[in-house]
2 protein chains.
Amino acid sequence: MSKQEGLQNKKENFIEWYIELIQKAELADYSKVRGFNVIRPYAYEIWERLTKILDSKIKEKGVKNAYFPLLIPESLLKKEATHLEGFSPETAWVTEAGSSKLDERLAIRPTSETIMYDLYSKWIRSWRDLPLKLNQWVNVVRWEKTDPKVFLRGREFLWQEGHTAFATKEEAEKEVRDIVNMYKEVLEEYCALPVTVGIKSPKETFAGAEYTRVTELVMPDGKTIQGPDCHHLGQKFSTMFDITFLDKDGEKKYVWQNSWGFTTRVLGIMFGIHGDDKGLILPPKIAPIQVVIVPIFTEKDKPAVLKEADELKIRLEEDGIRTYIDSREDKKPGWKFNYWELKGVPIRVEIGTKDLANDEYTVVRRDTLEKIKVSRKDAIDRIIKLFDVIHNNMYQRAKELMESKTKRVDNYEDFKKYVNGNRILTCWCGNRKCEDEIKEETGARVSCIPDEQEIFCNCVKCGEPAKYSVYFAKVY
Amino acid sequence: MSKQEGLQNKKENFIEWYIELIQKAELADYSKVRGFNVIRPYAYEIWERLTKILDSKIKEKGVKNAYFPLLIPESLLKKEATHLEGFSPETAWVTEAGSSKLDERLAIRPTSETIMYDLYSKWIRSWRDLPLKLNQWVNVVRWEKTDPKVFLRGREFLWQEGHTAFATKEEAEKEVRDIVNMYKEVLEEYCALPVTVGIKSPKETFAGAEYTRVTELVMPDGKTIQGPDCHHLGQKFSTMFDITFLDKDGEKKYVWQNSWGFTTRVLGIMFGIHGDDKGLILPPKIAPIQVVIVPIFTEKDKPAVLKEADELKIRLEEDGIRTYIDSREDKKPGWKFNYWELKGVPIRVEIGTKDLANDEYTVVRRDTLEKIKVSRKDAIDRIIKLFDVIHNNMYQRAKELMESKTKRVDNYEDFKKYVNGNRILTCWCGNRKCEDEIKEETGARVSCIPDEQEIFCNCVKCGEPAKYSVYFAKVY
């Protein structure tokens with residue numbers, strides 16, 4: 001980045017601001033194939049931190065990692081009809097290898113239910129083999145027709161996909177709640193992102209699932225975006241793939257299954273929700289650099305200031321804080337402030353001649369841009385405490401955004417009035433007809449039927465008694 | 001695994017033994033597409049341990065991780081002619097997405113030089129941007145015509161691919177040596193695998209490279225297999241992809257590049273070299289389970305024996321040792337011994353009534369099957385020391401295997417006599433003609449021109465003065 005200009009105005013044009021942020025902060029770049037993006041090192045490092053956290057939580061649940069092939073024969077993908085119907089419009093097909101045409105088309109995995117369950121049927125024989133809980137960290141391809149948006153909706157993304165098989169429906173359904181709670185915890189405690197938890201309407205449910213339990217987030221433009229989710233597959237796949245086990249009672253039974261995933265989309269959500277017109281704002285727990293030290297010196301006091309910077313870095317690193325000193329001599333301090341604000345580093349420490357003389361540092365919070373004088377002695381403690389303050393403030397701000405972008409309405413006039421730029425909380429009879437009509441007339445979908453139910457009006461569309469309170473929204 | 005039978009005889013038929021081992025020890029399984037295999041949890045966990053070790057060494061070198069797209073447009077793959085020629089016979093092509101034909105065929109990456117360097121040309125502007133050192137951990141597809149062998153030669157495999165760009169040839173060439181040393185260290189210190197280090201003949205060099213520096217290993221049947229390698233690309237790609245930088249002297253120059261990779265093939269090499277007719281033998285440092293405790297009890301002393309097993313497990317885990325107690329009641333001790341020998345766990349501890357009375361354990365080494373009585377008090381120390389002893393013994397055995405399977409010959413009669421079942425060390429004039437004729441007449445290739453050079457005869461084929469001492473072998 002040779003020159004710095006401000007970003008677009010986030011409030012006025014969220015998506016243009018977002019696209020520009022991703023480029024300028026060097027988070028991602030485009031390849032020559034539309035919808036296929038490069039995750040650059042700065043964003044990838046955040047992904048690595050998230051995967052490490054999530055992977056250890058997944059392993060604590062007794063799930064083991066494995067790797068299943070990238071390519072799925074068409075005949076296998078066809079086995080579960082709803083599943084095929086859902087995914088075939090967006091499947092990338094390999095039809096040639098070297099100079100030969102293949103006998104059968106091979107799908108690049110859009111998700112791995114079919115290829116995994118084909119083997120589950122071989123591996124599972126008795127109740128002793130259950131539960132079988134596997135996970136893989138892989139890339140998937142979904143050739144979506146809608147306009148790709150880097151991280152938020154790409155044609156290739158990275159994810160973990162967990163696939164579990166149980167002897168009973170009860171165990172499987174318990175896991176659905178556990179998994180979504182785990183996702184919620186990672187989003188809240190590491191990404192400072194508040195979520196709504198609930199289930200999808202049947203229309204919006206994962207192709208082949210009995211129901212889909214999701215985390216939902218609200219973007220700054222009032223559109224919602226589905227976060228990590230868990231699908232209860234019931235016995236749909238086990239019936240089609242003949243995954244049976246001999247139970248303790250001597251009977252042959254079909255297993256009960258779930259699948260669940262957490263994707264690189266989370267990065268885009270986090271960048272989009274937290275950032276401001278100066279750039280990224282990264283949650284301290286997963287920021288690649290947590291503290292950037294900018295030494296400010298004249299030629300005369302350069303050695304003393306740089307020595308002080310080094311010493312502070314050593315002290316911070318002793319406490320496990322990821323620290324970087326920007327000692328570039330061809331850039332002015334003001335340029336560096338802008339640069340690290342664009343990069344979203346949670347805390348900047350400025351060390352100048354005057355700070356040195358006063359035995360203190362100037363600490364600047366990225367989330368509020370507030371400047372704080374901190375004594376040399378207390379610096380480490382203060383910075384560690386500030387991380388929590390920043391995290392909580394970021395979470396609180398995101399929560400207020402979510403609340404301010406959620407409008408509660410009990411009539412269709414208000415629905416139409418607020419639906420552009422907001423998530424709508426209202427009540428719904430549960431019929432597909434109303435859902436379809438609303439989609440057609442306003443562009444909004446049922447984004448989530450939240451766990452917290454409060455029926456406060458009749459169906460917003462047909463006026464019949466409502467079955468659910470529900471969120472409608474335009475979605476990413 | 002419901003029933004245990006012995007494996008094939010490794011000495012008599014290595015490859016059948018190997019294929020059976022992979023299945024029985026539940027390391028991998030087949031998918032419906034030939035050459036595309038599932039890496040099962042037990043093998044995947046070893047891969048995870050290896051990647052963690054290697055990833056931290058890579059990061060210590062200042063290399064950053066990133067992610068580049070899976071699909072490469074044909075026009076991009078075509079930019080470097082030798083590279084295309086090398087890879088196009090084994091490229092899987094995506095030609096359709098959903099119900100549409102694509103305008104241009106997209107290759108599933110067989111390796112990522114072209115897609116990465118297309119962006120390097122955009123990112124690199126000045127000497128300040130150098131060196132650029134990126135790495136990615138991904139899957140690749142190479143639709144090889146030769147018979148796929150699980151892990152050793154698959155049509156899809158996992159790897160890391162590092163891609164670096166430097167201002168000078170010297171820096172790039174220094175890195176080539178550093179990287180191969182790093183690979184050698186991981187193979188020797190963690191996998192207990194001795195390697196030969198050298199370069200490939202021009203004929204066997206990576207498509208598009210100036211030279212390829214490799215680690216080479218010898219399999220139990222005397223065939224060689226190429227281990228992790230590093231390609232010095234010189235300026236071949238930078239010229240074609242226009243990757244230039246403005247140097248300190250104000251001149252525009254092309255960068256010097258390397259690429260280097262470490263693949264899941266290493267798992268197969270390790271399983272194949274160390275295993276015996278009872279199953280796997282895993283190096284202690286990367287074994288998923290390092291110690292398995294088998295309690296042996298009658299109904300009467302069951303509580304005391306199980307309590308003792310639990311206590312030992314806690315003591316071992318306090319020292320970071322990965323421990324598992326096999327307390328299954330539906331299996332007899334003898335069955336368990338066989339099972340864990342098949343799984344290659346480095347140390348088995350048997351705890352029976354008599355051991356309890358004597359305040360000792362029976363410790364069994366997997367590598368030698370030797371039984372050792374160890375006092376309760378010294379158990380942890382003894383076991384930790386045994387890990388080193390086992391590792392060193394495994395390394396030594398593998399080294400002896402390599403030496404015994406390497407025949408030094410100075411004439412073509414002996415060459416032909418020994419080439420089946422051995423690696424041949426001999427001398428070569430360096431001409432492609434001799435290399436081709438030897439390949440045609442014996443099936444052996446130049447597998448490696450080793451660093452350690454000793455010209456002890458004329459060219460084994462044409463009798464002219466030799467340029468190199470060299471290994472010829474049939475290769476995996």
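**Figure 1. How spread out is chain A in this predicted model?** A compact globule of 476 residues would have a radius of gyration near 23 Å, and chain A comes in at 25 Å, so the two agree. Lay the chain along its principal axes and its C-alpha atoms fill a box of roughly 85 × 55 × 50 Å. As for what's inside, 47% of the 476 residues of chain A count as buried. Chain A also has 14 helices and 23 strands to look out for. Now take the contacts in chain A with a separation of 6 or more: 68% of them join residues 24 or more positions apart.

**Figure 2. The domains of chain A.** Going along the chain, the domain assignment gives domain 1 (14-274), domain 2 (289-388) and domain 3 (406-473). If you go from the C-alpha centre of domain 1 of chain A to that of domain 2 of chain A, you cover 41 Å.

**Figure 3. Chain A meets chain B.** Turn chain A by 180 degrees, with 0.0 Å of shift along the rotation axis, and it lands on chain B with an RMSD of 0.0 Å. That's the relation of a two-fold axis. Which C-alpha of chain A is nearest the axis? It belongs to A:V94, and it sits 2.1 Å from the axis. What about the surface where the copies touch? Because 100% of the interface residues of chain A are also interface residues in chain B, the copies meet through the same surface.

**Figure 4. Helix α6 of chain A, up close.** This helix covers residues 169-189, which makes 21 residues. From first C-alpha to last it reaches 30 Å, close to the 30 Å expected at 1.5 Å a residue. Its buried residues are A:A172, A:E175, A:V176, A:I179, A:V180, A:M182, A:Y183, A:V186 and A:L187. Look down the axis of α6(A) and these buried residues fall within an arc of 150 degrees, so they line one face of the helix. Among the elements covering them are α2 (41-60), β8 (156-166) and β14 (256-263) of chain A.

**Figure 5. Helix α6 of chain B, for a second look.** Here too, residues 169-189 form a helix of 21 residues that reaches 30 Å from its first C-alpha to its last. In α6(B), the buried residues are B:A172, B:E175, B:V176, B:I179, B:V180, B:Y183, B:V186 and B:L187. Why do we say that they line one face? Seen down the axis of α6(B), they fall within an arc of 125 degrees. Their cover includes β9 (196-199), β10 (211-218) and β11 (224-234) of chain B.

**Figure 6. Zooming in on B:Q136.** You'll find this residue in strand β7 (residues 132-141) of chain B. Is B:Q136 buried or exposed? It has 20 C-beta neighbours inside 10 Å, so it counts as buried. Leaving aside neighbours within four places in sequence, B:Q136 is in contact with B:N65, B:A66, B:Y67, B:F68, B:S112, B:Q160 and B:E161. Check out B:H163 as well: it is 27 residues from B:Q136 in sequence, with 8.7 Å between their C-alpha atoms.

**Figure 7. B:K302 and helix α9.** B:K302 lies in helix α9 (residues 302-318) of chain B. It's partly exposed, because 14 other C-beta atoms lie within 10 Å. In sequence, B:K302 and B:G352 are 50 residues apart, while in space their C-alpha atoms are 9.4 Å apart.

Definitions and conventions. Residues are numbered from 1 along each chain as its sequence is written. Chains are lettered from A and ligands numbered from 1 in the order in which they are written. This is a predicted model: local features need pLDDT of at least 70, side-chain atom pairs count only at pLDDT 80 or more; totals for chains, interfaces and linings use all residues. Domain bounds come from an automatic or database domain assignment. Helices (H or I, at least four residues) and strands (E, at least two) are DSSP runs, numbered from the N terminus. The radius of gyration is taken over C-alpha atoms; the globule rule is 2.2 Å times the number of residues to the power 0.38. A residue is buried if 20 or more other C-beta atoms lie within 10 Å of its own, exposed if 12 or fewer, and partly exposed in between; C-beta atoms are placed from the backbone. Two residues are in contact if their C-beta atoms, placed from the backbone, lie within 7 Å. Copies are superposed by least squares on the C-alpha atoms of residues with pLDDT of at least 70 in both. The expected span of a helix is 1.5 Å times one less than its number of residues. The arc is that of the directions from the helix axis to the C-beta atoms.
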